[in-house]
Amino acid sequence: MGTSKKRWKLLGVLGLAIGIMAGCSSSGASSSAKNEITFWNPFTGPDGKNMQAMVDQYNKTNPDYKIKNISLKETDMYTKIPTIVNSKKNIPDLTIVHAERIKQFKDNDMLTSYNDLLTDYPDVKAENYVPEAWNIGEIESERYSIPLDIHTFGLYYNKDLVNKYLPTALDDNIVTFDEVKQVGEVSKKDKIASIGVTWLKPNFLSLYAQNGGALTEDGIQPTLDNQAAKDTFNLWKDLVKTGYTTKDGEDPTQMFLTGKVVFLPEGIWMQNQVKQSKINWGLTNAPQVSDDLSKTVNWSSSHQFVMFKDEKRNDEKAKGVMDFLNWVRDNSMEWAKSGQNPATLSLLENEEYKQMPQAFFLSTPEQQATLKIFDYKYNGYVSEALDAQAGDVVFGKLEEDKALTQMQKEVSAKVEKDNSNK
């Protein structure tokens, strides 16, 4: 995944984009040779090299169906998918999508169920995967996806600065907002920000859930304009007002990498960039209201393997897809090297993986239980609203009451117009 704010916004826009395309480029179209599985994915950054390496490893096993890896820009891929599936031409045999999109794809009758295929692959089952990543792929007793990973928004910290300002902060691997304030009261005197204001969507959602908020009550209409959301915004606003955070317009990641920020909320995939810095760093849970692990919420998402409906995909090719997914389950170390947490639990027995910083999030069942995928069907519309307005609220340019009322109306209007609701 990319590291810029713009890239984050692209990742956050998880609503199904139904676009009218004149056609699909030859690079993205599926050739679907007789003994070849076309595999679409949105891995165009450094992680794309890791995925290509995995595909190369698999193809060297001489499977009945080799994998043709096609990486597309995320927005392009999601725009092409509805057009291609509706045209019934050049449909990829296998595709990686974000977990939050599965319900919309399913309700648009675009996905093929794995249920019948799984009977011949007994190890592709719930017990062998991280629960939060596995469970989201099942809707009404039908399995529509198999997880590749579960990626999480955690908290990087500067070990030297923590030891200087609050040595006990990491004793329990949970940094509370009260501890962030304690650090800030001392660190601001040295012109060191206690915490960086990074991508606000996962920051907001993690704290919103801790405050008891939910994105919907009935699975359709959003629930954003409420006290839990106001409390969430106000906590971040107070941190800004008291001078504990980075300022509007500053680059919190760069400041962290140069020792000017103590705590940096960011994704696990950022660690390859952090490793290149000279600071002494660690990675732990996202900032929390409570120091009780059972109440901890870490915003997460997941890349999931799906098969879009295609009348031309025969049983042999579907079996070829499953052979690959079954292989991935026990051969995900290359994906872990990209900074991700593969969803397969078998990696927890791998010593090299257990030494990786992100392995912390899967280290125990209790820690796995902190991972939360916000699987509201219209998550994408919420993402758009938060990306557009959360920054202005946190930095005091827009009142939270006004913003939340507007967000509620905007998301509700988009839900009303959504064809998958019909």
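**Ring contacts and the packing of helix α18**

In the predicted model, the charged end of Lys372 sits over the ring of Phe374, at 5.0 Å from the ring centre. A second contact of this kind involves Arg101, whose charged end is placed over the ring of Tyr78, 3.2 Å from the centre of that ring.

Contacts between rings were also examined. The structure contains 19 aromatic pairs. One of them is formed by Tyr156 and Trp281; the pair is tilted, with 5.7 Å from centre to centre and 50° between the planes. Distant parts of the chain are linked by this pair, as Tyr156 belongs to strand β7 (residues 151–158) and Trp281 to strand β10 (residues 281–284), 125 residues apart. Tyr156 and Trp281 are both buried.

Another tilted pair is made by Phe204 and Phe233, with 4.8 Å between the ring centres and an angle of 45° between the planes. Phe204 is part of helix α9 (residues 200–210) and Phe233 is part of helix α10, so this pair ties together parts that lie 29 residues apart in sequence. A residue counts as buried when its relative accessible area is under 20%. Phe204 therefore counts as buried, at 3% relative accessibility. Phe233 is buried as well, with a relative accessible area of 1%. Ring pairs also join Phe39, Tyr58, Phe305, Phe324 and Trp327 into a cluster.

Helix α10, which holds Phe233, takes part in the packing of helix α18 too. Helix α18 comprises 18 residues, numbered 400–417. From its first C-alpha to its last, α18 reaches 26 Å, close to the 26 Å expected at 1.5 Å a residue. The buried residues of this helix are Glu400, Ala403, Leu404, Met407, Gln408, Val411, Ser412 and Val415. These buried residues lie on the same side of α18, because they cover an arc of only 155° around the axis. The spacing behind such a pattern follows from helix geometry: an α-helix has 3.6 residues a turn, so residues three or four places apart point the same way.

The buried residues of α18 pack against two helices, α10 (227–241) and α17 (379–394). On the face of α18 turned away from the buried side, the exposed residues are Lys402, Lys409, Glu416 and Lys417. Helix α18 thus has a buried side, with residues such as Leu404 and Val411, and a face turned away from it that carries exposed residues, including Lys402 and Glu416.

Key
Residues are numbered from 1 along each chain as its sequence is written. This is a predicted model: local features need pLDDT of at least 70, side-chain atom pairs count only at pLDDT 80 or more; totals for chains, interfaces and linings use all residues. Side-chain values use heavy atoms; hydrogens and water are left out. Helices (H or I, at least four residues) and strands (E, at least two) are DSSP runs, numbered from the N terminus. The expected span of a helix is 1.5 Å times one less than its number of residues. Buried means under 20% relative accessible area, exposed over 50%, partly exposed in between (1.4 Å probe, protein chains only). The arc is that of the directions from the helix axis to the C-beta atoms. Contact means heavy atoms within 4.5 Å. Rings of Phe, Tyr and Trp (its six-membered ring) pair if their centres lie within 6.5 Å; planes under 30 degrees apart count as stacked, over 60 as edge-to-face and the rest as tilted. A charge sits over a ring if NZ of Lys or CZ of Arg is within 6 Å of the ring centre and within 35 degrees of the ring normal.
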